[in-house]
Amino acid sequence: MSERLCPDDEGAGQEASRTTPALPAWIVSRPHLTDRLARAVRGRLTVVVGPVGAGKTALALEWAHTRRPPGPLAWVTCDGRAEQPAVFWPRVTSALRDAGVRVPDAVATGEGPLLVAALAAELNRRTEPVVLLLDDFQPAPGSPIADGVSSLLRHTCGVLRLVVLARRDPPLHLRRGRLASDLTELRTADLAFDDRETATLLAQHGIDVPKQTVSVLRRRTDGWAAGIRLAAMSMEKLERQGEPERFVDRFAGDDEAVASYLIEEVLDLQPAATRRLLLTTSVLDRVNAELATALCGDDIGGHFADLVRENSFLHPLGHGWYRCHQMFADVLRMCLRHETPGLVVPLHRRAAAWLGAHGRLADAVGHLLAADDRDLAAELIVRHLAIGQVLGLSRSPLPDDLTRRAPQEPGSAGRPEPVLLAAAVARVRDDDQACGRHLALAELLLTELAHDGPKPGSQAHDGQEHAAHGDEAAADRIARCRLAHAVIRMDRLRADDPEQAYAAALEVEEIGPLLPHAALAQHPEIPALTLAVRGAYEVRAGHLKAAEASLTGALKAAGAAGNGALRRDCLVELALLEAVRGRFRAADELAAHATQPPLPSWCAAERSRAALHLVRAWVELARGEPGRARHELARADTVLRTSPDTFLAELRALAAGVAAAVERGGPFGCGPKVLDELVHSARLPVTVLRTVTPACAFVLDAARHGRTRGAAVPDGAGGRPARTEQLSPRERDVLDRLAQMMTTEEIAAELYLSVNTVKTHLKSVYRKLAVTRRSAAVRRARELQIL
């Protein structure tokens, strides 16, 4: 019997063969991805994994028709999960023959492992690679087809270049390929359309919308090609009415066309357990195996690994967490609401309980808001000491829905937590009247709660341990509520009533030891606000050394909390402190740091802005520029009219008097008698007067002796220190970052050093520069022109 052979033209077959489908006219060109495919097929295995409608086949078609494969291309369109070995292998051998690859009848008619071995041997006779592309390849792990393809790839000595298009990871030992660097992967994120490709697709349907609208559509669809195409088809109908942009604003996964497509192509094909798992976890923005089990129970949650492996609509976020594709999540939530509406709220509460217990407070609060349970959200916030996050004092904000709309009057009688949350929200919304009303009610409820707590000795002997535990829990709850109350009061009063804000700060410091060890260390925004309030009060009370310590601590804590506004205000207060001491160069440097990005700028009526202008006025006086000083004083006046501050007003009056004396000049205009009159008329604390008098004397003395105007900022004491011991390169690195007002921890992180090593370098810098403080080290380094 004669054996039929296919042509074996080694030089032919370098273009898309007749096994490759035609290139559709609607293909959106993606040259950056086809280039990646062209490079990928130089290796043994290329997998393109993405959900239905992600554009896998379209990308492969464009590559096949526009790039030159390294050898004959055999394209096989599979039947997905329904593929049978008796059908699959004849398709492979037929496609290879049609591509011009020699496959004898004896090989083509074989079965099972013998067919695979014979085909591998035949391919190994070639000197030119062969590209085999399997579209919609979804065999089960360990199935005959999966094992056969793995064996074929393993035994072809690099001749076979396999390209697989699939909705999930094909069972082809991908980990082994990664280790051997024989594998190239294109996944859902790689396949997502960008704005240019989205605009091109819309243009195919005659849709011309602004770039912003294109970006919105791309974000809403997560770059999912099918979703963009379905949106374009709907927008095409609305083009005549001029409504495509409005359509994009409303477009989501619950759109009828999208929902029908995904339900038919994805959801209805899932096994019952997987379908239930998808619907149940759809209430989550991100999910892992433990959380899925908490929501669904062990019997369903145990299928999570299968869900991840089988569903490319789940995007890995790292550390075992996954995010569902936005439009598919919309469809799942819609189906959950329609099929089991009574399950939605319990699922949100269950998710909140797990997330709260695992330290994911913002996510837990978001689920409680979705369940319309603000009271439980309030309890969670107060229990976790997160009231500062509600007030926006931290870089870890809570969901915007918490403060976006004004809360209803708290409805839980006897429970202070909802009232405290309402007070915080009112503070964020600048509703001072409501904030004060809620704070007063919370104070009343806390007093009642303290009086109504468990009484010692009220339990029977066998319940004494339980009673003690109850007393401890009640005391802990009251402490946390009082802390929240004090933090809200501090934030509310620190601009208008520093004395009352200081009283609230003292209360926070009293409550701290009542909480578990290091509880406040996890919320640096609270110590930052407390120390900033304390420091500002101490400056105005004349406790200058204590103020410096408080403000320096507040500056460090504000950096840890990511609170730029508080960090800026601390810098200004420190600059004011240095100006009062007559250390004008240090004051100028601190004021300059306070105005540099990324620190925020001021709004018109912020009191610290008045302090900044006042510091600049004193610096200009030290430079011998009374005209510029008056300009800064006028700007400070503008702020003080809307945000009065007696201390700043007195300093401003003193500076204005000094400026007038400097402008008069001469021995009489700037003499000792003038200084005495200015100092005695200033209603400032004695310690401040004692400190500011030498500063005024220095400015007046410079004017009396006609020193050069506009010179570099002096530092009160005058004189330039002698050159000191040379700093090492690493010490200079530390000093450079010290000048940027970075904390020890920030310096350590940037220089890849331990905190203790940075402290050692700092001690050496202080010793060599003959200083004891950070600001003095920076100032001395500038004087010596080291910085």
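How much space lies in the largest cavity? In this predicted model, the largest cavity holds about 100 Å³ of space. The legends below treat this cavity, two pockets and one helix pair.

**Figure 1. Close-up of the largest cavity and its lining.** The structure contains 3 cavities of 30 Å³ or more. Fifteen residues are not drawn from one element alone: helix 14 (272-281), helix 17, strand 7 and helix 18 (326-339) each give two or more residues to the lining of the largest cavity. Strand 7 provides the largest share, 3 residues. Of the 15 lining residues, T281, S282, V287, L314 and C324 lie nearest the centre of the cavity. By class, the lining comprises 10 nonpolar, 2 polar and 3 charged residues.

**Figure 2. Close-up of the largest pocket.** The volume of this pocket is about 1,100 Å³. Its lining consists of 36 residues, and those nearest the centre are R427, D491, R494, A495 and E606. Two or more lining residues come from each of helix 24 (416-428), helix 26 (464-493), helix 27 (498-511), helix 28 (525-541), helix 30 (564-580) and helix 32 (607-622). Helix 30 accounts for the largest share of the lining, with 6 residues. The lining divides into 17 nonpolar, 6 polar and 13 charged residues.

**Figure 3. Close-up of the second largest pocket.** This pocket encloses about 720 Å³ of space. It is lined by 26 residues, with D169, R178, R187, V308 and R309 the closest to its centre. At least two lining residues are supplied by each of helix 7 (174-180), helix 8 (188-191), helix 17 (304-310), strand 6 (314-318) and strand 7 (321-324). In the lining of the second largest pocket, 12 residues are nonpolar, 6 polar and 8 charged.

**Figure 4. Close-up of the packing of helix 32 and helix 34.** The axes of helix 32 and helix 34 (residues 646-664) are 10 Å apart and form an angle of about 25 degrees. Because angles under 35 degrees count as roughly parallel, helix 32 is described as roughly parallel to helix 34. The two helices cross with left-handed geometry. Helix 32 contributes R607, A610, A611, L614, W618 and L621 to the contact, while helix 34 contributes L648, L651, R652, L654, A655, V658 and A659. The contact is made up of 11 nonpolar and 2 charged residues, with no polar residues.

Key
Residues numbered from 1 in each chain as written. Predicted model: local features only at pLDDT ≥ 70, side-chain atom pairs only at ≥ 80, totals over all residues. Heavy atoms only, no water. 1 Å grid on protein atoms, 1.4 Å probe; cavity = no way out; pocket = protein on both sides within 12 Å on 5 of 7 lines; lining within 4 Å. Points joined across faces, edges and corners; volume = space filled by probe spheres on them. Helix = DSSP H or I, 4+ residues; strand = E, 2+ residues; numbered from the N terminus. Nonpolar A, V, L, I, M, F, W, Y, C, P; charged D, E, K, R; others polar. Axes fitted to C-alpha atoms, helices over the stretch in contact; angles between N-to-C directions. Parallel < 35°, antiparallel > 145°, perpendicular 65-115°, else oblique. Left-handed = near helix turned anticlockwise from the far one by under 90°. Contact = heavy atoms within 4.5 Å.
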